Amino acid sequence: MSADPVTLAIISGAISVVSGYAQVQSAKAQGKAQAAEYERQQKMNALNALQEENRRNEQANRDKENNLAIFAATGFDPDSRSFLGVNDEVDRIAAKDITNIRLNKLSTESQLSTASYISKVQTKSKVVGGYLSAAKGITTAYGNYTLYKDPKSTSKFFTDDESDKY
């Protein structure tokens, strides 16, 4: 048993519409998943930077405690300019390291933000493409339906050139 061309045109159009809609839903789901992943990466980046800052501050504090122990063991006064100068240098180096840590955090956040934006644009493009695919399926199905419903209707199709009419 075979189907008539009109029925096949309608079925073909329906399949194209469903396919286009499925593409839209898939693109939206993929976009949400990617957005969630970028958000997770941004939070992990902030946490890692904070942990690194804390480690560096702890290291600076240990260095200053070691300096105090060394100065006390050698008989120097902890209030001397020499001791204070060494600790100021430890603080200066730690501050520079923390500035670099924060700069790296901001750089990574910028990269993730750009990647997230690109992902959103691509998702919107896929959604529009899916809707256009569904619309194409509808118009093609209607065209085929019209063609098969009235086979003589092909004589209506022509270009602006009079010699192209058939």
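In which helix is Ile15 found? Ile15 belongs to helix 1, which covers residues 5–74. The legends below describe close-up views of a predicted model.

**Figure 1. A nonpolar surface patch that includes Ile15 of helix 1.** Three residues, Leu8, Ile11 and Ile15, make up this patch, whose area is about 290 Å². Ile15 counts as exposed because its relative accessibility is 54%, and the threshold for that class is over 50%.

**Figure 2. Helix 1 and the residue just after it.** Helix 1 comprises 70 residues. From its first C-alpha to its last, helix 1 reaches 102 Å, which is close to the 104 Å expected at 1.5 Å a residue. Just after helix 1 comes Gly75, whose phi is positive, at about 90°.

**Figure 3. The aromatic pair of Phe71 and Phe83.** A search of the whole structure yields one aromatic pair. Phe71 and Phe83 form this pair in an edge-to-face arrangement, with 5.0 Å from centre to centre and 70° between the planes. The pair links distant parts of the chain, since Phe71 lies in helix 1 and Phe83 in helix 2 (residues 81–149), and the two are 12 residues apart. Phe71 counts as buried because its relative accessibility is 11%. Phe83 also counts as buried, in this case because its relative accessibility is 6%. The cut-off that places a residue in the buried class is under 20% relative accessible area.

**Figure 4. The polar contact between Asn67 and Asn87.** Asn67 is a residue of helix 1. The side chains of Asn67 and Asn87 are joined by a polar contact of 3.2 Å. With a relative accessibility of 15%, Asn67 is counted as buried.

**Figure 5. A salt bridge within helix 1, between Arg55 and Glu52.** Eight salt bridges are found when the whole structure is searched; the one shown here joins the side chains of Arg55 and Glu52, at 2.9 Å from N to O. Both residues lie in helix 1, and their separation of three residues is about one turn of the helix. An α-helix has 3.6 residues a turn, so residues three or four places apart point the same way. Arg55 counts as partly exposed because its relative accessibility is 44%. Glu52 is likewise partly exposed, with a relative accessibility of 34%.

**Figure 6. A salt bridge linking helix 2 to helix 1, between Arg102 and Glu53.** The side chains of Arg102 and Glu53 meet at 2.9 Å, N to O. This pair links distant parts of the chain: Arg102 belongs to helix 2 and Glu53 to helix 1, with their positions 49 residues apart in the numbering. What are the accessibility classes of the two partners? Arg102, at 45% relative accessibility, counts as partly exposed, whereas Glu53, at 13%, counts as buried.

**Figure 7. A salt bridge within helix 2, between Glu89 and Arg92.** The side chains of Glu89 and Arg92 form a salt bridge with an N to O distance of 2.6 Å. Both residues are part of helix 2 and stand three residues apart, about one turn of the helix. Glu89 is partly exposed because its relative accessible area is 35%. Arg92 is partly exposed as well, with a relative accessible area of 46%.

**Figure 8. The positions of Ala94 and Glu53.** Ala94 is located in helix 2. Its relative accessible area is 4%, and Ala94 is therefore buried. Ala94 and Glu53 are separated by 41 residues in sequence and by 9.1 Å in space, C-alpha to C-alpha. Glu53 is the residue of helix 1 that is paired with Arg102 of helix 2 in Figure 6.

**Figure 9. The positions of Ala22 and Val127.** Ala22 has its place in helix 1. How far apart are Ala22 and Val127 in sequence and in space? They are 105 residues apart in sequence, and their C-alpha atoms are 9.9 Å apart in space. Ala22 is partly exposed because its relative accessible area is 43%.

Methods
Residues numbered from 1 in each chain as written. Predicted model: local features only at pLDDT ≥ 70, side-chain atom pairs only at ≥ 80, totals over all residues. Heavy atoms only, no water. Patch = residues over 30% accessible without salt bridge, like charges linked within 9 Å, V, L, I, M, F, W, Y side chains within 5 Å. Areas by Shrake-Rupley, 256 points an atom, 1.4 Å probe, with all protein chains shown as cover. Salt bridge = Lys/Arg side-chain N within 4 Å of Asp/Glu carboxyl O. Helix = DSSP H or I, 4+ residues; strand = E, 2+ residues; numbered from the N terminus. Buried < 20%, exposed > 50% of the residue type's maximum accessible area, 1.4 Å probe, protein only. Expected span 1.5 Å × (residues − 1). Phe/Tyr/Trp six-rings, centres within 6.5 Å; stacked < 30°, edge-to-face > 60°. Polar contact = N/O pair within 3.5 Å; in protein donor to acceptor, adjacent residues only side chain to side chain.
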